[in-house]
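Look over the model below before reading on. The report then takes up selected local features.

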Amino acid sequence: MIHFLVSEANDGVELIAPNVEHVIATERRQPGVCSEACYKVATCNEELGGRCDCPKHLAGPDCVRNATASRLSAFAQVPRLEARYPMSCINGCNGRGHCVMGACVCSRGNFSSDCSLSMGPDGRPALLAGSGYKPRERRPRIYVYDIPHKYSSWFHPAKVDRSLHWVFWERLLGSGAMVADGEEADWYWLPIKLRSNSDGYRLLEALQYVRKMWPWYDRLQGHRHLIIHTGDTGRGEVPGDVQAATANMSWLHHWGLTHDCNASGWKAAHRPGKDIVIPVYRDSRQGVGLLPMSGLHPRAPRMPRTRTLLFAGRICGDYSKPDPTKPWPQCATNKSPGYSQGVRQLVHYHHHNRTGYKISTSNGRYPLDLLSFKWCLAPSGGGHGHRQVLASVMGCLPLIISDQVLQPFEPEMDWNTFGLRLPEAAIPSLHTSLEQIGEEQLEARRDVLRCAAQHLVYSSVGGAHMQEDGRWDAFEFILEILRMQQTYPGLHPADYAATDDRFRSFLHCGNPDGMQAYGRKLRAAQEKRYPTQLPLPPPLPPPPSGGGAAAAAAAAAPPPLSPGAYVSWSNWTMEQFNDLLVRWAVAKDRTLAAAPLALCSASVWDERRVRCSAMKTSALRLVPGGAACEGHSNLVECPRPWP
């Protein structure tokens, strides 16, 4: 027998040494208990023979010594911040433990990162024992490996910039898709935090631990096992030996590069049919000022989109501002010419001064412009982009120029039905391509967008942006694709909708006639529910008598606008727009009495009383079980979008 070796990490935590031959589990571990010292201060995982999981500030086999300062620095906040904004715990520890610096210390008999597990009388683990929890009937069902928490739940959203691994975890339990016993699972998730290059070897460490403690990875040879990587180039960020060791696993990442891009120095990372390109999750620190202003919301002002193409953001790889008086590439230097595959630079070079086009590095009217342009450029950046999701939710049709890079849920979903894909070679003449799409075709794409945009946001996690109910959101789309991979191994994902009735129904948001029919029907229903618009802001006060710049600006302000009027955003000021948002927040929505919202709202167009709690505070707030569970302290009582 070869013993499983460990090494001491800098944070004082024992890490499994990579590339070490070890004992492979062929059966589940026998349950066990921990020492009394452990039970007093820590969590005992009794399923795994009695593993003592220390809180962040303690260390050692029984958690009887203090942790190192480096560990606390990596995983905890400074005392001042913790006292003011204490880090929450996954699912609030489900009332079966207490939260210490963002990590659960579970009551005796309960374990896992959210204290949801315990051993049943039959000797098998149970979820939320005694509460009546039952997995939902709709497959797939997911088993979450309770790997040592230093790999997973210790990476709190307050300490990392991308929190999808955390909120996905919370939503699995709230949705009923999680199971306690791996023998009942369709898929297995390693909830390790993967964000940077160095995380790849930690994945190997965690994987070795999984293979030692549970039988399912080796039984399935790594198939039907998933991991989430939130880095800029996803699977492409980890070393080649890590990719090889995890070749049979499915990677959920934001980067869909299918072929090497030598000009940018990128290596192919995505494998259609094995991996899934997923949307970025935007919490209260990312896009919070824009997504809540969705132009697809039924109460949003219905303004015509009169201008053609919008882009605002970094253009030059060297971070300089392009100078139109200079020859190509118009940047201060030629450093990082492969940034965004050169797309941002080329679009600016050929179209920055074209009438109806606004291509800039900054934009003080960005919210207004997102609501008034027909098309929004959605290129890659230093890796994956996020503007395709932002544009779609705002109601601006996404223009995708990113050769060999699949977008979120592509090719499972055809982006050309609600946006437009052009090759990089077509950039000089893209204005011709856009001009050839008439108003009728634009309207058809906008109807499709009303369904597609729901697929691109995690509504059941963060709340509704357009009064949607969360049935068709990104979380559920991920599960639906996992089901297809399991049911039809080897089938190209572009063929999913043609092959499977349930997948086709999901893709079409439940409408048998397709996404466009769904959007058309939804638009009509929304206009019937809200036949008139709220009063628009009054004119700005008269100019001061003293004259000057303030007087000139006030004099140039547009005249007052009548309720329901169709006007262009182009003559609005941000001051007027902000006044509009204030009025919307307090205006009563009397339709909600007859038809309450299925989800709490993440939209500024809904009145404050129906908004999610996360929108009512400046601090990062995470709701156990996701927004679908807001107001329910017991996750078993959460309304489920699917039985």
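Strand 9 and strand 10 (residues 117-119) run antiparallel and are joined by two bridges. This is a predicted model. Across that pairing, F111 stands opposite L117 in strand 10.

The pair belongs to an open sheet of three strands, in the order 9-10-11, with antiparallel pairing. Strand 9 (110-111) and strand 11 (125-127) stand at the edges; each has a single partner strand, so one side of each is left without a neighbour in the sheet. In general, strands of a sheet pair through backbone hydrogen bonds.

L117 also appears at a cavity. The structure holds seven cavities of 30 Å³ or more. The second largest has a volume of about 110 Å³. Its lining counts 14 residues, and nearest its centre lie S112, S116, L117, V144 and M178. Strand 12 (142-144) and strand 13 (178-179) are the elements that give two or more residues to this lining. The table splits the lining of the second largest cavity by class.

| Class of lining residue | Number of residues |
|---|---|
| Nonpolar | nine residues |
| Polar | three residues |
| Charged | two residues |

Next comes helix 5. How far apart should the ends of its 15 residues be at 1.5 Å a residue? Helix 5 (residues 199-213) should span 21 Å, and its end C-alpha atoms are 21 Å apart, so the two values agree.

Is helix 5 mostly covered or mostly open? It is mostly covered, with 12 of its 15 residues buried. The buried set of helix 5 includes the run from R202 through the neighbours L203, L204, E205, A206, L207, Q208, Y209 and V210. D199, G200 and M213 are buried too. Charged side chains are among the buried residues of helix 5, including D199, R202 and E205.

A UniProt record adds one annotation. An unreviewed entry assigns "domain: EGF-like" to residues 52-63. In the model, the chain over residues 52-63 is 33% strand and 0% helix. The end C-alpha atoms of this stretch are 7 Å apart.

The last site is H352. It is found in the loop between helix 8 (343-351) and strand 20 (357-360). Is H352 buried or exposed? H352 counts as partly exposed, because its relative accessibility is 23% and buried means under 20%. F311 is 41 residues from H352 along the chain, and their C-alpha atoms are separated by 9.7 Å.

Conventions: Residues numbered from 1 in each chain as written. Predicted model: local features only at pLDDT ≥ 70, side-chain atom pairs only at ≥ 80, totals over all residues. Heavy atoms only, no water. Pairing = 2+ DSSP bridges. Helix = DSSP H or I, 4+ residues; strand = E, 2+ residues; numbered from the N terminus. UniProt positions renumbered as here; feature names shortened; annotations may be inferred. 1 Å grid on protein atoms, 1.4 Å probe; cavity = no way out; pocket = protein on both sides within 12 Å on 5 of 7 lines; lining within 4 Å. Points joined across faces, edges and corners; volume = space filled by probe spheres on them. Expected span 1.5 Å × (residues − 1). Buried < 20%, exposed > 50% of the residue type's maximum accessible area, 1.4 Å probe, protein only.
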